[in-house]
Amino acid sequence: MSITSALFGHTRRGTPVTAYRLTNAGGACAVILDYGATIQSLCVPDRDGNPVDVVLGYDTLEEYEANDGYLGATIGRFANRIAGGTFFLNGQEYRLAKNDGANHLHGGVCGFDKQLWQGKIEGDGLVFSRTSPDGEEGYPGALEIQVRFTLSEDNTLQIQYDAQADRDTPVNLTNHSYFNLAGRGTVSGHTLQICAERYAEGTADCMPTGRLLEVEGTPFDFRKEKTIGETFEYDHNFVLAGSPAARLCCPETGIVLTVETDLPGMQVYTSNMLGARTGKGGMELGLRSAVCLETQLFPDGMHHYGFSNPFLPAGQKLCTVTRYRFSQTP
C-alpha cells in the first residue's frame with residue numbers, strides 16, 4: 001500500500017486543495033480530495049485486468065465548486081432530508097437551511113461536501129477531520145468528525161466515520177459516490193441485489209411518509225439480483241436486513257461491487273436529478289449515469305416513530321463502518 005499527495009487546485013478564495021492517492025499492490029487506486037473529503041476517482045481491475053474508474057467525478061476543483069450533485073462527497077451533518085428544515089430537541093425548535101424546496105437536504109447550503117477538511121496520512125489509511133461549529137447550518141453543538149479511508153489488498157475501500165459532540169445533535173453521515181462499473185454510459189444494464197425486505201415509502205418530493213412497506217410485488221424487490229432497467233427511477237431508502245447490504249454487477253466489465261455496513265438503511269439513487277453535464281475525461285453525465293448506494297440512518301428520522309434514532313447524545317462517541325469491496329466475475 002502506498003499513499004501520496006499532490007496539489008489538485010485552489011478554491012475561489014485561493015486555498016490549496018490536496019488530492020491523496022491510495023494505491024495497493026494489485027494496482028487498484030483511490031483518489032480522495034480534502035475538499036469535501038471527496039472520492040474523486042476509484043480505479044479497479046475489470047475481468048481482463050484493465051483498470052476502470054468506477055465513480056463519477058470532475059477533473060478540476062472549479063467544477064466541484066460550481067456543480068451540484070455531491071459527486072463522491074462526504075455528507076453531513078445529516079444525510080438525506082429533514083422535513084420543513086426543522087426539528088425539536090430537548091424542548092427547543094431548531095431551524096435549518098431549506099435547500100431542497102421546503103426541506104433540508106444533505107447538511108444544508110454549505111454542508112460537509114463544501115468544506116475543506118484536514119487530511120493526514122495515518123498508518124495504512126488516510127484520515128480527514130474537521131470541527132462543525134455550534135450553529136453551522138442551524139445545527140446545535142460543536143461536532144468533531146473524523147473520516148478514515150483505507151484501501152486493502154483485496155480491493156476493498158473502507159470508510160470509517162467517528163464523531164462526538166458537546167451537545168445533543170442529529171448526526172447521519174454517508175458518502176455520496178456515484179458508481180458506474182462500466183466507467184461510461186448508463187447503469188441501466190447493471191444488475192443489483194439488496195438485502196432488504198422493506199423500504200421507506202416516499203412522497204413525490206422524496207420525503208418519507210413514515211411507513212415501511214414490504215418490497216414483495218413492487219419495483220423495490222431486489223432480494224434476487226435483477227437489472228436496474230430504464231422503466232423506474234429510484235431515490236428511496238431501503239431497510240437493510242443482513243449482510244452484504246448490496247451487490248452491484250456490470251455484465252460488460254465483470255466488475256462486482258459488494259457493500260457491507262453496520263448502518264440500518266441505504267438510499268438507492270439512480271441519478272434521477274443529475275442534470276446534464278460533463279464529468280471526468282469528457283464523460284457526459286445525466287439520468288442513470290450511475291447509481292448511489294448511500295449507507296445511512298433513515299431519512300427524517302426525528303419526525304417518524306420507529307425510525308432509527310438520529311440524535312447523538314452529548315459526549316457519546318459515534319463509530320460506523322461501510323466497506324465497498326470490488327471483485328470480478330469470470
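**Exercise 1. Place Thr320 in the fold and decide whether Thr320 is buried or exposed.**

Start with the strand: Thr320 belongs to strand 30, residues 318–328. Strands here are DSSP runs (E) of at least two residues, numbered from the N terminus. This is a predicted model, where local features need pLDDT of at least 70, side-chain atom pairs count only at pLDDT 80 or more, and totals for chains, interfaces and linings use all residues. Residues are numbered from 1 along each chain as its sequence is written, and side-chain values use heavy atoms, leaving out hydrogens and water.

Next, check exposure. Thr320 has a relative accessible area of 6%, so Thr320 counts as buried (under 20%; exposed is over 50%, partly exposed in between; 1.4 Å probe, protein chains only).

**Exercise 2. Find which residues Thr320 touches.**

Leave out residues up to four places away in sequence; Thr320 then touches Ile159, Gln160, Tyr161, Asp262 and Leu263. Contact means heavy atoms within 4.5 Å.

**Exercise 3. Trace the order of the nine-strand sheet and name its edges.**

First, write the order: 11-12-13-14-30-24-23-18-21, an open sheet with antiparallel pairing. Two strands pair if DSSP finds at least two bridges between them.

Then look at the ends. Strand 11 (118–122) and strand 21 (226–227) have a single partner strand each, so one side of each lacks a neighbour in the sheet.

Finally, try one pair: strand 18 (residues 191–194) and strand 23 (residues 246–249) run antiparallel and are joined by four bridges. Ile194 has Ala246 of strand 23 as its bridge partner.
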